[in-house]
Amino acid sequence: MSDSDGAGETDEATSPPSEPTEASEVAQAYAAVRPEVEAATALFVEMVTGLLDEAGINYLSVSGRTKSVASFAAKAERRRDGELLFPDPLADITDQIGVRVITYVHDDVAAVAELLAEELAVLDDRDMGLETARSGRFGYASRHLLVAVDASRTVPPAYEALRRRSASVQIRTVLQHAWAEFEHDIRYKGTVPEEHAHDLDRRFTLAAGLIELADREFSAIRDRLQEALPASPPDAVEQDSRISTQDLAKFLASKYADAGWSRTDHYTWVSGLLLELGITSVDALAEVIAPVDGADLIERMGYKYPPGAVRRLDDALLATFGTRYLDLEGNAHRRASLEGRLERLGTS
């Protein structure tokens with residue numbers, strides 16, 4: 001993750017850094033606290049990953065970076081009209097911690113942003129792709145959030161230290177990420193000869209347009225597959241007693257057609273929970289959750305983001321089995337969060 005990336009902050013209309021002595025003092029001050037910032041970065045990555053997994057939202061990767069000392073010092077010295085942009089750098093520079101979430105399809109970018117808005121305090125939210133489109137151009141596209149732990153929420157003790165910090169979160173598709181990384185690598189290395197700049201600008205714009213089209217096609221492919229997949233595979237051969245990941249994905253795509261796909265390992269994990277419950281076929285699963293009103297369940301849970309297919313099944317199993325579901329060995333690591341959700345469902 002490049003240090004130039006920050007939610008809601010740009011490099012425009014800035015003047016050169018001031019005297020090296022001041023920059024050195026800023027660098028020393030940040031270097032002294034950077035180990036703490038690095039530890040907080042790891043915690044933010046862990047927390048965001050946990051939120052995505054718990055919500056059953058599909059994603060490719062979650063990564064983090066701590067702003068380097070050199071980048072921090074350079075940013076601290078930026079000025080506009082002779083005035084420092086960040087007079088108190090340690091407090092004013094908000095992208096010391098960076099988290100990046102890469103998704104497969106564009107719809108999941110919005111789902112991740114909505115999930116973070118529900119679980120964390122969003123201090124800033126910029127859709128760079130939308131801003132680019134409003135200007136009638138193709139180009140950089142990424143969702144930038146500045147988030148912090150909501151002071152009104154109870155968090156696990158491991159994350160208490162994050163209450164004093166914010167994180168810049170970038171959310172983009174894998175195709176948007178490829179374009180942004182390549183464009184950044186070319187431009188910031190200063191390898192574009194002046195006589196070729198206009199032609200390369202045009203080519204980057206063309207590539208951005210093609211990527212937007214490809215993202216739309218990927219979303220269409222996913223939607224078409226979810227509509228076309230049968231609830232249970234024909235002539236399925238049992239390999240072992242648990243429901244296979246592929247069969248479960250097909251069933252959930254049919255059962256929850258309006259839900260996004262979840263990660264492959266999420267299907268594997270919930271298949272293990274089903275095995276603990278003695279459910280070893282999609283037919284048996286369909287019978288077990290048939291009485292559950294999915295729409296009513298969503299209303300009672302009060303979701304402000306679109307939960308993934310595995311989360312929808314997770315809720316249905318929680319509503320059906322209550323405390324028995326909480327007691328499963330595969331749920332031991334998240335019992336506290338499940339108890340909270342059970343209270344929201346009004347089920348025991």
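Select Asp-125 in this predicted model: Leu-145, in strand E6, stands opposite Asp-125. Now extend the selection to residues 121-127, which form strand E5, and to residues 143-148, which form E6. The two strands pair in the antiparallel sense, and 6 bridges join them.

Next, show the whole sheet. It is open and has 5 strands, in the order E1-E4-E7-E6-E5. The pairing across this sheet is mixed. Colour E1 (61-66) and E5 as the edge strands, since each of these pairs on one side only. Ignoring direction, neighbouring strands in the sheet are turned by 20° against each other on average.

Then add residues 106-119, which are helix H4. H4 packs on the sheet and touches four strands by name: E4 (97-103), E5, E6 and E7 (166-173). The direction of H4 makes about 160° with the direction of E7.

Leave the sheet and select two further helices, H11 (residues 294-301) and H14 (residues 335-345). Their axes come within 8 Å and cross at roughly 110°. Angles from 65 to 115 degrees count as roughly perpendicular, so H11 is roughly perpendicular to H14. The crossing of this pair is right-handed.

To see the contact itself, display side chains on both helices. From H11, pick Leu-297, Arg-300 and Met-301; from H14, pick Arg-341, Arg-344 and Leu-345. Coloured by class, the residues in contact between H11 and H14 come out as 3 nonpolar and 3 charged, with no polar ones.

Definitions and conventions:
Residues numbered from 1 in each chain as written. Predicted model: local features only at pLDDT ≥ 70, side-chain atom pairs only at ≥ 80, totals over all residues. Heavy atoms only, no water. Axes fitted to C-alpha atoms, helices over the stretch in contact; angles between N-to-C directions. Parallel < 35°, antiparallel > 145°, perpendicular 65-115°, else oblique. Left-handed = near helix turned anticlockwise from the far one by under 90°. Contact = heavy atoms within 4.5 Å. Nonpolar A, V, L, I, M, F, W, Y, C, P; charged D, E, K, R; others polar. Pairing = 2+ DSSP bridges.
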